[in-house]
Structures are given as C-alpha cells and as structure tokens.
Amino acid sequence: MKRFLIVLSVTILSLVLAACGGNESNAEQTATTAATTTEAPPLPADVQAISTAITATAATTTAAAQADANTYSATGEFVSPVRSELSARMPGRVARMYVDEGARVRRGQPVLLLETQYSQLNLQAANAEVARAKAARDEAARDLARKKELSAKDSIPRATLDRSQAAFDQTSAALQAASAQASLLRQQIADATLRAPVDGIVAEKRTEVGARLGDGGVAFVIVQLSPLRLRFAVPERYLGRLNAGDRVTATVDPYPDEKFEGTVKTVGGVIDPKTRTMFAEAEFANRDGRLRPGLFARVETRLD
C-alpha cells in the first residue's frame with residue numbers, strides 16, 4: 001500500500017511538471033508570433049536592389065508614357081521642291097558637256113554647249129548687213145538735211161523733200177530689221193549654252209556629246225537640294241495639334257548620331273479614307289547639302 005502511494009505521487013508530480021513545461025512553451029511561441037507580427041525582418045541586400053530597380057522602372061515608364069502623349073513620331077521621305085527638266089530652246093547637236101550625272105551645280109552654271117558654227121557665220125553676215133543699212137541711213141539723213149535747207153529757201157519743190165524723207169524712213173527701217181536679225185542670232189548663240197536653273201544636283205543625264213537635241217528634248221534633270229521637304233503621314237486625330245511653324249527633328253541612317261531640325265510648312269490636305277491619315281511637309285535648310293532627295297528619315301515633333 002505504501003509502495004502504491006509513492007508511485008502515485010511520482011506520477012502526479014510528472015503530470016504537473018509536464019503541464020508547466022507546456023505552458024512555458026506556449027508562452028514562448030506566442031511571444032515569438034507577436035514579435036514577428038510587430039516588425040518584419042529586413043530584406044537581403046540583393047532583394048532590396050531588385051525592389052529599388054523595379055520602383056525606378058515603374059516611375060520612368062509612367063513619365064515616358066506622359067511624354068509620348070505629347071510627342072508624335074513617324075517615318076517619311078525627303079523630296080525636292082524643284083525638279084527641272086533642262087532642254088534646249090533651239091534644236092542642235094551637243095558640242096560639249098560640262099557636268100556629269102550626280103554633279104553639284106550652282107544657279108547659272110553652264111552645263112552643256114550646242115554647236116554654234118552656223119549661227120556664228122550667220123551673225124557675221126547680219127553684222128555686215130547692219131553696217132550697210134546704217135551707212136545707207138546716214139546718207140539718207142544727210143540728204144534729207146540738205147533738202148530741208150533748200151526747201152526752206154523755196155529752192156526745190158515740195159515733192160523732192162518728200163522723196164528724201166521717204167528714203168530716210170526706208171533706210172531707217174532697214175537698219176532696224178538688220179539690227180533685229182543680228183540680235184536674234186546673238187540670242188541663239190547665247191541659248192546654245194544650257195545653264196542650271198537652280199542650285200542643286202544633276203539627277204539624270206539624258207544625252208551625250210554628238211547627240212542631237214530636238215525641240216523639247218531633255219538633256220538633264222536637275223533637282224534642288226536647298227531647301228528640302230520631308231513628307232510624312234499624320235493620323236487625322238492630330239489635325240488640330242500639328243500646325244505650320246512647329247519645329248521637328250529628323251534622323252537618318254547615314255548620320256545616326258545627328259539630328260536635323262526643320263519647320264512644318266504644310267499640314268492637312270485630303271484625308272485618305274483607307275488609312276485615315278493626311279500628309280504633312282516640313283522644310284529643312286540643308287545648307288551643307290548632306291541630305292538628299294529620296295532619303296528615308298524618322299521625324300519627331302512635339303504636339304500642342
């Protein structure tokens with residue numbers, strides 16, 4: 001009986017100690033959970049860097065989206081505002097060519113010469129006729145002056161004076177005709193030299209030395225280089241936001257690190273019903289001539 005009581009006491013004591021230990025464990029777990037809930041542990045350094053980068057990227061994307069709303073970008077092609085097909089005023093055979101295809105030319109620069117041998121001979125004959133007509137006119141003028149003096153003294157009849165006056169008028173008319181013929185031949189000789197009508201570049205050469213140019217025959221095609229126009233398409237929704245006078249920038253593949261500045265000259269025209277776009281043209285000074293007609297470009301402009 002005594003032994004049974006001892007075993008029972010030991011068992012009760014074990015149960016009490018176990019209960020106390022469980023309460024302490026639960027208390028520690030509760031305290032740890034509370035501490036975790038109150039303050040989160042700091043992130044590792046690499047995770048913090050990624051989080052910062054994501055935040056910065058989101059801010060940059062938002063700013064870029066706001067900027068894109070006021071910026072319009074498109075692609076276009078440079079075109080020349082002047083394209084001249086150069087032809088001779090008079091038919092003739094090509095005697096000399098001063099430029100070749102691709103050459104830069106200035107306004108008034110000679111580019112081609114037609115043969116003028118026959119015109120030169122005709123001009124010599126015309127000059128001789130001018131000299132003869134002038135001599136006849138001068139003689140008629142002197143005779144008319146003498147007849148006027150005699151007529152004033154009533155020394156000759158009126159009919160004689162009238163004949164002298166008619167002779168003077170006829171020789172004067174002959175001199176004018178000879179002078180006009182000489183001037184015409186001089187102009188033909190001058191027209192035998194074809195000159196560039198604008199500052200630009202020779203886009204096409206359509207004749208050679210010895211070839212004959214007929215009436216309306218095109219010898220060269222010259223396009224203007226300065227200024228140039230950049231034509232690009234604009235959606236119809238930007239009709240009220242893009243205006244003449246707006247500044248634009250263009251980039252081209254031959255000069256990837258450089259931006260060229262231009263000014264919008266034309267906006268509008270007829271809206272294409274298929275694409276719902278209209279055309280716009282911007283003018284670029286191109287004083288150095290580096291931009292060329294037909295060059296592909298990317299254009300960007302700020303919208304009002």
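This report describes the fold, one long-range ring pair, one helix, the largest pocket and some backbone features of a predicted model.

Residues are numbered from 1 along each chain as its sequence is written. Because the model is predicted, local features need pLDDT of at least 70 and side-chain atom pairs count only at pLDDT 80 or more, while totals for chains, interfaces and linings use all residues, and side-chain values use heavy atoms, with hydrogens and water left out.

**Overall fold**

The secondary structure of the protein comes to four helices and 14 strands, where helices (H or I, at least four residues) and strands (E, at least two) are DSSP runs numbered from the N terminus. Of the 304 residues, 30% count as buried; buried means under 20% relative accessible area, exposed means over 50%, and partly exposed lies in between, with a 1.4 Å probe and protein chains only. Among contacts with a separation of 6 or more, 74% join residues 24 or more positions apart, a contact being heavy atoms within 4.5 Å.

The protein has three aromatic pairs, counted where rings of Phe, Tyr and Trp (its six-membered ring) have centres within 6.5 Å, with planes under 30 degrees apart called stacked, over 60 edge-to-face and the rest tilted. In one of them, the ring centres of Phe 78 and Phe 284 are 5.3 Å apart and the planes stand at 80°, so the pair is edge-to-face. Since Phe 78 belongs to strand E1 (residues 71-79) and Phe 284 to strand E13, the pair ties together parts that are 206 residues apart in sequence. Both Phe 78 and Phe 284 are buried.

**Helix H4**

Helix H4 (residues 158-191) has 34 residues, which at 1.5 Å a residue should span 50 Å, and its end C-alpha atoms are 50 Å apart, in agreement; the expected span is 1.5 Å times one less than the number of residues. Its buried residues include Leu 161, Leu 175, Ala 178, Ala 182, Leu 185 and Ile 189, and the buried residues of H4 pack against helix H3 (117-152) and strand E6 (193-195).

**The largest pocket**

The largest pocket has a volume of about 220 Å³. Of the 14 residues that line this pocket, the closest to its centre are Pro 91, Gly 92, Glu 115, Thr 116 and Ser 119. On a 1 Å grid over the protein atoms alone, a pocket is an open set of points where a 1.4 Å probe fits, with protein on both sides within 12 Å along at least five of seven lines, and lining residues have an atom within 4 Å of a point. Strand E3 (92-97), H3 and H4 each supply at least two lining residues, and H3 gives the most, with three.

Thr 116 sits in the loop between strand E5 (110-114) and H3. At 17% relative accessibility, Thr 116 counts as buried, and Thr 116 touches Ile 189 and Ala 192, not counting residues up to four places away in sequence.

**Backbone features in loops**

Two residues that are not glycines have a positive phi, as the table shows.

| Residue | Phi | Loop | Relative accessibility |
|---|---|---|---|
| Asp 154 | about 60° | between H3 and H4 | 69%, exposed |
| Arg 276 | about 55° | between strand E12 (255-272) and strand E13 (277-284) | 39%, partly exposed |

A cis peptide bond, with omega about 0°, joins Ser 226 and Pro 227, and Pro 227 lies in the loop between strand E9 (218-224) and strand E10 (228-235).

How values were computed:
Points joined across faces, edges and corners; volume = space filled by probe spheres on them.
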